[in-house]
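Trainee: I am new to this structure and would like a close look at one part of it. Please take the salt bridges and go through them pair by pair.

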Amino acid sequence: MTGARVRVDDLHWRPYGRTRPVLDRLSLTIEPGERMLLAGPSGSGKSTLLRGIAGLLLTADSGELSGEVTVDGVPPQSSPGAVGLVLQDPGAGVVASTIGRDVAFGLENTSVPRADMGLAVRAALDEVGLTMTTDSSPQTLSGGESQRLALAGALVMQPRVLLLDEPTAMLDAVNARIVREVVADVCDRRGLTLVVVEHRLTGWVDHVDRLVVLDGTGAVIADGPPATILAEHGDDLAAQGIWVPGLPEPEPLPVELTPVLGAASGVVDPGEVVVRARTVTVEHSGSRLGAKVRATVAVRDADLDVHAGEVVALVGPSGAGKSSFMAAVGGLVAPTSGSVEFAGRLTPSEHSDPTATRASAERATHREIENVAGMHHARLSIARCVERLGVGRGDGRRTPADESDTPPPADWRSHEIARVVAWVPQRAATSLVGHTVRDDILLTPRALGQDEAASGQRADELLDALGLAHLAGVDPRQLSGGEQRRLALASAVVHSPALLLADEPTVGQDRLTWSAVSGLIDAARREGAGVVVTTHDEGVVGAADRTIALERPERSERPPEPERRPLVARAEPLALLAAALCVLPLPALLETWRQGLFVLMVEVLLGAVGLISVGAGRRPRGRLGDLGRRLAPAGLAVVGVAWSSWLLGGRDLEIASGAALRVLCLVVPSAFVVGFIDPEPLGDHLAQRLRMPARPVVAATAALQRVQSFGTLWTELMTTRRVRGVRADRGLLARGREAVVVTGGLLVGALGQAAVLSLAMDARGFAEAHRRSWAGPAPWRVPDTLVLLGGLLIVVAGIVARLLIG
């Protein structure tokens, strides 16, 4: 296999909603086997150019597109697998529930026989250093591991052109070097054409033979051999924000911010402990529907003291649990074991006013529904102000008796955690809540009741310092990845918290924006905050006061809990789906409530038999609880049908109960089986057993996978709201309003995920996959026949009830 020739002629791209194009009549030719490094400041269009070369600009976006891109003289998507693309946020493009099936997705699109997939998938995973089993869940991977998984998914397709969008940005130095060497080795052996986008050129310049630099408008300002370009234009490129090898790290930008009255930072004296973590262990669990649960230890028995006015850098290899440990230290998640304690003067006061807090949460959520981004929560009570000033408490510290009654940080209410802790997540897009950039920054100060004028001035200072002032009125979801990360940092420090948690804050930043981010972290430290950063950035590590190295726990990956599988879980999803659909004729068969009750009893009996578990192992837990949760929405529908039937039927209880039982008979079988329908095997069966078209089957399967991940997305959104101070902790009405708001955010997030997912799928040949193979089999066994007969038996029961029961 050899590389392909890439030609870009007058490429113009302006997304709708933007006043100027990202790329304006750009022309470029890349020869077969050439290795090109693409550099430029943040927002210069590097990622956009990669999508253009892959032929994917219109996949997940709309806008004005003109010009031509060809790969060996033909459009890039005309040959599935010819162009491999690794996205900037690879974790958002995972298309399967296991890492093996995710890597195999491209092979399926290129019609590779199933028998040949196993070895190819394992080889690709080994190439990028992922040694876990192929049935491991992608949800348990760290950010760096997710990037390597995406790289494996691209390499397994044997592309002729390989496009990498910041492939080592989230990796530690060792793993980054390994990935670079893997890429170089693959390109050597296969003669691939390579285009790599990176902010930091060090490491890559030795593996490429061409350097192309874009300016802030997306125009090419330098093109040639890396050594020549850097020697002739190194200083000019550095002045534009390019990370030129050999130059020292830029100095942090001096940032002076308006002080915040009543802020949590500065409450703890400089040098004193803000938060103390002892023997913290965090575990993650991944599961698939109808499959066993696998628990993975992210961090084990870790200790940390964070002092006021210092920066602590958490370092370690990818997968060492840095993000998980940080979340536990900040009270964002409860540790599996161990303890986390904040300084007494930062813990919630027993005198805080829950009534005012509840009313504030209700007002904030109500205003959010009205599309007003500013939200007001309760101001600090007089008792808390007195406590923080130390009146009546000597030096203001809480006594040990007080601390013993204080709940752990993971149980603090939203306004309590938001006052003390701020968080910049690794995926900054999950922290965006406001309707505009400026509103997003002001969200937490408004929720905490801080002075509006002072907060507004501080927000404007942050926008200026981070180069976001011209975007103040823009929807934050339209920003680039680097811009979103800077916005997340501004939103985190605007209210001057006592503890700032920043997860890889400098990823995706050029030299100029890196300087601004570093200056803002330093400003938070000077205000008295304790700062914890996770990073692979040597410049950030060098500027930190202390460095804590975490080691990756041994991946024993505890064996799945030895639970017996219910009988229904042993059937394939197609049989379960068919059994659930068998009951569709029941509403037409059943006339009276007695008939409905008889059929319902048959359904419950069959369902109970299906939940029986036999064989070796421990009895499964939570079966009835899961069933109840699945039936809860149906219960609301039943009540609504019964009520409307009662009103319209002359207030006849028999008519109302008959209508309600008909609905129950329709939904109860689905409640018993839906929890065991895995979308991937279902897609395998629909395509291979029923011969349904591959495209809609795969698209529906991917969509169902995202529906399954709604729980995770919901948790992320609620964590964001909690740490931003706008989560409704109490009050049925406030929580109901919040559910409406978060559901809207869930849908917006789902649409965003769908756009990225479609891009990831088309990048691996899905758009042009006219013929397709399948990595999973589609067997039909005895349990499948028994389940289908059970569904038919329910219909028979309905016929019998119609004939024999009045």
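Mentor: What follows is a walk through a few of the salt bridges, with the place and exposure of the residues that form them.

The model is predicted, and a search of the whole structure finds 35 salt bridges in it. The general idea is simple: side chains of opposite charge can pair when their charged atoms come close.

Start with Arg14 and Glu64, whose side chains form a salt bridge with an N to O distance of 2.7 Å. Arg14 belongs to strand β1 (residues 6–15) and Glu64 to strand β4 (residues 63–71), so this pair ties together parts that are 50 residues apart in sequence. The two partners fall into separate exposure classes: Arg14 is buried, at a relative accessible area of 17%, under the 20% cut-off for that class, while Glu64 is partly exposed at 36%.

The next pair is Glu249 and Arg200, where the closest N and O atoms of the salt bridge are 3.9 Å apart. That value still counts, because the limit is 4 Å. Glu249 sits in the loop between α6 (226–239) and β10 (273–286), and Arg200 in the loop between β7 (193–197) and β8 (210–214), so the salt bridge ties together parts that are 49 residues apart in sequence. Glu249 is partly exposed, with 34% relative accessibility, and Arg200 is partly exposed as well, with 30%.

Further along the chain, Glu591 and Arg802 meet through their side chains in a salt bridge of 3.1 Å, N to O. This pair links distant parts of the chain, 211 residues apart: Glu591 is in the loop between α18 (586–589) and α19 (593–610), and Arg802 is in helix α26 (residues 782–804). Arg802 counts as partly exposed, its relative accessibility being 35%.

Salt bridges can also be followed beyond a single pair. Glu256, Asp522, Arg525, Arg526 and Asp545 are linked in a network of them.

For a residue outside this topic, take Ala634 in helix α20 (residues 623–648). Ala634 is buried, at 16% relative accessibility. Between Ala634 and Ala671 the C-alpha to C-alpha distance is 9.0 Å, with 37 residues separating them in sequence.

To go back over the pairs in the structure, look for Arg14 with Glu64, Glu249 with Arg200, and Glu591 with Arg802. The network that includes Glu256 and Asp522 can be looked up after them.

Notes: Residues are numbered from 1 along each chain as its sequence is written. This is a predicted model: local features need pLDDT of at least 70, side-chain atom pairs count only at pLDDT 80 or more; totals for chains, interfaces and linings use all residues. Side-chain values use heavy atoms; hydrogens and water are left out. Helices (H or I, at least four residues) and strands (E, at least two) are DSSP runs, numbered from the N terminus. Buried means under 20% relative accessible area, exposed over 50%, partly exposed in between (1.4 Å probe, protein chains only).
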